[in-house]
Amino acid sequence: MDDFVAWFQHNGGILDASMMGITDFPGSGRGAVALQDIPENHTIFTLPRSLTLSTQTSSLPSAFGFEEWRKHKLHKGWAGLILCMMWEEAQGNQGKWITYLASLPRQFDTPIFWSDEELQELQGTAAVDKIGRDEAERDYHEKLTPAIKTRPDLFPSDQIDTWYTLHQYHITGSRILSRSFNVERWQSGIEQDAEHVTEEDSNENTQANTSLGSAMDVDHSADGGEAVDEESSDRDSDDEDIEDTSDIAMVPMADILNARYDSVNAKLFYEKHHLQMVTTKPVKAGEQIFNTYGDLPNSDLLRRYGHVDLVPCPHLKGSLGNPQDVVEIRADLVVNVVCGDLSTGETYRRRIDWWLDEGGDDVFIIDADPVLPAALTSFIRLLLLTQEEWEKTREKGRFPKAKFDRQVSPLLRRIFKMRLTSYQSPDLEVDAKLLASESLTLNKRHAIVVRLGEKQILAGALETLRFMDAALSDVGSGGSKGKRRVASGGTTGGGKSKKARH
């Protein structure tokens, strides 16, 4: 990494080499280490915005022609930034970022590179439908390849099989998914390469937000600046099919910091012209300096970064897991359980369309919280309404109340049990025993961790139902007055639910 550090400093970066070093950590790879005790609020490195790599700072969009760039839809999704990074790397020693790009990983443990057999191990998990391999390959063939063919002067034919292959496209996309930041546009004229960007914000401090797909998110600093951390404020926000990704940027040095659950001790704050990594709490000599990926479930950590978090979890009585694990319950599963053979009928179709039109969700989130999502119960009650009740509900324009009773309870139980059958095996003990084996490959071990975590959430939801049923029985028999548990929490219009990714 000596070459990278020298390049960083030569291009305006400032590193406090007395405080921070770069080393390899067992189990987590390369990261940043405190060389001596670092106090809170200490700047460990600074870099100019011009050193970030994006479609705004790369000269490729200008050389290609902005009109043609948009004609090939390279301004949408990640294809444009991927092409910029591939092109910059193809420039060799003539490229501004070649030393930085050479320092980035070329191998990933993320599921997009898994075999079909390995992907089967993720069957039923929240990760499997979001890997995005097919979508990425469609963009490669429909956007990137045609664009390259139109400009042999920029993309010589003898370079195609080296720098512009489908495999290289996946590698570059994975670098963005796991390491990028979102830095909103700054004042024009500051960066010569960014002259084509329309000025939208002339404030002294430019705010950065999580991009749909970038690894990093935003926080507010005490002094009015902004802080970027490696977290996603919205678990829906990492899809690639967004309109404008020009704010996504690779930030040299900042992406060296690893992350671990509840371990963040530094954040990337930035101002108009510079970005700086600042400690948010004291860091002792020898400790790793962590940014954060945020409170993500293992399904997202594996899909985006190729690792999982295992820490003692209260909902597992201290056993190892991820406190942020979730299970996604699709609305079509709910409809099939509640409506059965009539699920495709016009009566239910109207109710479902109304639910979605009114802002209802088609995916419900179950987590370690013993309170079940109100939206799920409300949706079930909508499907159970008589025709007269349905017409009154539609006229009022309000979702049914999330009332838990003996009609809803068995349906919730069937939904959770049906969801369990979507995994390779619904048996938790099978996976627990598999994890004890020392002969597992890394990918299979990660897959088992993800699916076991989700099955433990479902087991907890079933246990919650058992307590709710007992509470209903107590109320019905006149005992334990006032002790009935509430089975649904949050609001019917939000909370533990969301729109599905398509």
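**Strands, cores and a loop threonine**

User: How many bridges join β2 to strand β3, and do they run parallel or antiparallel?

Analyst: This is a predicted model, where local features need pLDDT of at least 70, side-chain atom pairs count only at pLDDT 80 or more, and totals for chains, interfaces and linings use all residues. Residues are numbered from 1 along each chain as its sequence is written, and side-chain values use heavy atoms, with hydrogens and water left out. Helices (H or I, at least four residues) and strands (E, at least two) are DSSP runs, numbered from the N terminus. β2 and β3 (residues 29–34) run antiparallel, joined by six bridges.

User: Which residue in β3 stands opposite F25?

Analyst: F25 falls within β2 (20–25), an edge strand. Its opposite residue in β3 is G29.

User: What is the strand order of the open sheet of four strands?

Analyst: Two strands pair if DSSP finds at least two bridges between them. The edge strands, β2 and β9 (258–259), each pair on one side only. Pairing in the sheet is mixed, and the order is β2-β3-β12-β9.

User: Which helix gives the most to the largest nonpolar core?

Analyst: A nonpolar core is a set of buried Ala, Val, Leu, Ile, Met, Phe, Trp, Tyr and Cys residues joined through side-chain atoms within 4.5 Å. This one has 61 residues, and F45, L83, F155, M253 and I289 touch the most other members. With nine residues, the top contributor is helix α4 (residues 79–90).

User: How many residues are in the second, separate core?

Analyst: Its members include V334, V338, F364 and V408. The count is 40 residues.

User: Which residues is F155 in contact with, leaving aside neighbours within four places in sequence?

Analyst: Contact means heavy atoms within 4.5 Å. F155 is one of the residues touching the most other members of the largest core. Its contacts are L60, F64, L83, W87, A147, I148, I160 and Y164.

User: Is T150 buried, exposed or partly exposed?

Analyst: T150 sits in the loop between α7 (133–149) and α8 (157–163). Buried means under 20% relative accessible area, exposed over 50%, partly exposed in between (1.4 Å probe, protein chains only). T150 has 42% relative accessibility, so it is partly exposed.

User: How many disulfides does a search of the whole structure find?

Analyst: A disulfide is a pair of cysteine sulfur atoms within 2.5 Å. C84 is buried at 0% relative accessibility, and C313 is buried at 1%. The number of disulfides found is zero.
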